[in-house]
Amino acid sequence: MMITADELNRATLSRQLLLKREPLTVQDGIRRVVALQAQHPASPYVALWNRLADFAPGELDAAFTERTVIKATLMRITLHAVHGADYRDFREAMQPTLYGSRLGHRFAATGLTPADGEELVPELLAFADRPRTSAEMQAWVEERLCAEKAAGAWWGLKAYAPLHHAATGAPWSFGVRPSFVAADAGPPPTGRAVRPEALRALLLRYLAGFGPASVADMAQFSMVQRAPVRAALRTMEGTVEALQGPDGGTLFDLPGAPRPPADTPAPPRLLAMWDSVLLAYADRSRVIPPAYRPLVIRNNGDVLPTLLVDGRVAGVWRQVDGAIEATAFHPLSSATWDGLATEARSLLALLTGRGTKVYSRHHYWWAKLPEAEVEIRLLA
């Protein structure tokens, strides 16, 4: 069976709740879309506003506080918000990646070995039986190691150890100074081994939320190497099916998963900074036109808040002086601008309700946007 580029786009938007806002709880919404990028505290809120009907930000506040939604270092070794029931499988599927990256070269530069790191983890988790600030955690490490080693050791341990970010309060549940608390997910995994069931669970959840997808896409999303992904897929014969993608390559998907027609209407959206739909693939052209990729994904890893028009990135937006400013990379119809303005009024209500301006420290990127062939409008 073949799938076209436009069908692939609509399948992605459908799985990611970007064709229609759904009347789901915060927890069910996050479970549906698998994981929300959470490097910026506001981004999970903006992401759910885009996806859920009548989104109430207080529900996400409560979910973070109660840890039914978990914020932690997971896929691609970045901060994600995930459903509490998914955390253990996702964390254990990432075990070899976290071990290699966080107990590797920089950790070793302190003079410590991976075995030293593994030995510290159980005691570290015992200390984090209640929320601890980053300063408290680093001080704890300093008590066990010399001060010269503590900073590098804590850098590795805070991502390697199974720690959740503890909610610290308004306006977006987490501030710039994080606090940590131990995961209540059983004994911590050790070494480079991965529990096969955990990797299979991660891949199935990924396909449910982001499929159809290639092996390279799955590896990109998780930062798990391709060989283990291929091996896991071989054990799931009958559970996943193969499709032929637009370029002739093989894509995998769940049988019966939604794949709307290519002409399904896709309403305009104002996506959050680092929105997961922009980052979950090796081939990001299903959502980002290749010419626009360097404009919205910067060399340092920043991914700007984007305009989604007819299912694809068409520009960027930012909050300025009580308004939403939209910069389009190509001409848009009057109806599209009207739709974006409606979205902007709703988004501004969300942001104003939190009494904060989002992403303002990243506005210096706007000076680097092309001067030609753009249109800038204040939408609300």
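## A buried aromatic pair

Tyr206 and Phe221 are both buried. This is a predicted model. The two rings form a tilted aromatic pair. Their centres lie 4.8 Å apart, and their planes differ by 40°. Tyr206 belongs to helix 11, while Phe221 belongs to helix 12 (residues 215-222). The two residues are 15 residues apart, and the pair links distant parts of the chain.

How many aromatic pairs does a search of the whole structure find? The count is 14. Some aromatic residues also group together. Tyr45, Phe64, Trp172 and Phe174 form one aromatic cluster.

## Helix 11 against helix 12

Two packed helices are described by the angle between their axes and the distance between the axes. For helix 11 and helix 12, the angle is about 105° and the axes are 11 Å apart. The two helices are therefore roughly perpendicular to each other.

Which residues of helix 11 and helix 12 meet? Helix 11 brings Leu202, Leu203, Tyr206, Leu207 and Phe210. Helix 12 brings Asp217, Met218, Phe221 and Ser222. By class, this contact has 7 nonpolar residues, 1 polar and 1 charged. Both members of the aromatic pair, Tyr206 and Phe221, appear in the contact.

An α-helix has 3.6 residues a turn, so residues three or four places apart point the same way. Keep that rule in mind when looking at the contact lists here.

## Helix 2 against helix 4

Now look at another crossing. Helix 2 (residues 26-33) and helix 4 (residues 57-66) have axes that come within 9 Å. They cross at roughly 80°. That makes helix 2 roughly perpendicular to helix 4.

From helix 2, the contact uses Val26, Gln27 and Ile30. From helix 4, it uses Glu59, Leu60 and Ala63. These residues divide into 4 nonpolar, 1 polar and 1 charged.

## A covered helix

Is helix 1 (residues 5-15) mostly covered or mostly uncovered? Helix 1 is mostly covered, with 8 of its 11 residues buried. The buried residues are Leu8, Asn9, Arg10, Ala11, Thr12, Leu13, Ser14 and Arg15.

What covers the buried residues of helix 1? The cover includes helix 2 and helix 11 (196-210). It also includes strand 8 (250-253), strand 10 (306-309) and strand 11 (312-320). Just after helix 1 comes Leu17, with a positive phi of about 60°.

## A sheet in the order 1-3-2

Strands of a sheet pair through backbone hydrogen bonds, either parallel or antiparallel. One open sheet here has 3 strands in the order 1-3-2, and the pairing is antiparallel. Strand 1 (36-37) and strand 2 (69-73) stand at the edges. Each has a single partner strand, so one side of each is left without a neighbour in the sheet.

Strand 3 (residues 79-83) pairs with strand 1 over 2 bridges. Gln37 has His80 of strand 3 as its bridge partner. Strand 2 and strand 3 pair over 5 bridges. There, Ile70 is the bridge partner of Val82 in strand 3. Strand 3 is mostly covered: 5 of its 5 residues are buried. The hairpin of strand 2 and strand 3 has 5 residues between the strands. In this hairpin, Arg76 takes a positive phi near 55°.

## A sheet in the order 4-6-5

Another open sheet has 3 strands in the order 4-6-5, with antiparallel pairing. Why do strand 4 (132-133) and strand 5 (163-166) each have one side without a neighbour in the sheet? They stand at the edges, each with a single partner strand, so nothing in the sheet flanks that side.

Strand 5 and strand 6 (residues 179-182) run antiparallel and are joined by 4 bridges. Leu163 has Ala182 of strand 6 as its bridge partner.

## A buried glutamate

Glu343 is found in helix 15 (residues 334-353). Is Glu343 buried or exposed? Glu343 counts as buried, because its relative accessibility is 10%, and the cut-off for buried is under 20%.

Which residues does Glu343 touch, not counting those up to four places away in sequence? They are Arg21, Trp49, Asn50, Pro268, Arg269 and Leu270.

Terms used
Residues numbered from 1 in each chain as written. Predicted model: local features only at pLDDT ≥ 70, side-chain atom pairs only at ≥ 80, totals over all residues. Heavy atoms only, no water. Axes fitted to C-alpha atoms, helices over the stretch in contact; angles between N-to-C directions. Parallel < 35°, antiparallel > 145°, perpendicular 65-115°, else oblique. Contact = heavy atoms within 4.5 Å. Nonpolar A, V, L, I, M, F, W, Y, C, P; charged D, E, K, R; others polar. Pairing = 2+ DSSP bridges. Buried < 20%, exposed > 50% of the residue type's maximum accessible area, 1.4 Å probe, protein only. Phe/Tyr/Trp six-rings, centres within 6.5 Å; stacked < 30°, edge-to-face > 60°.
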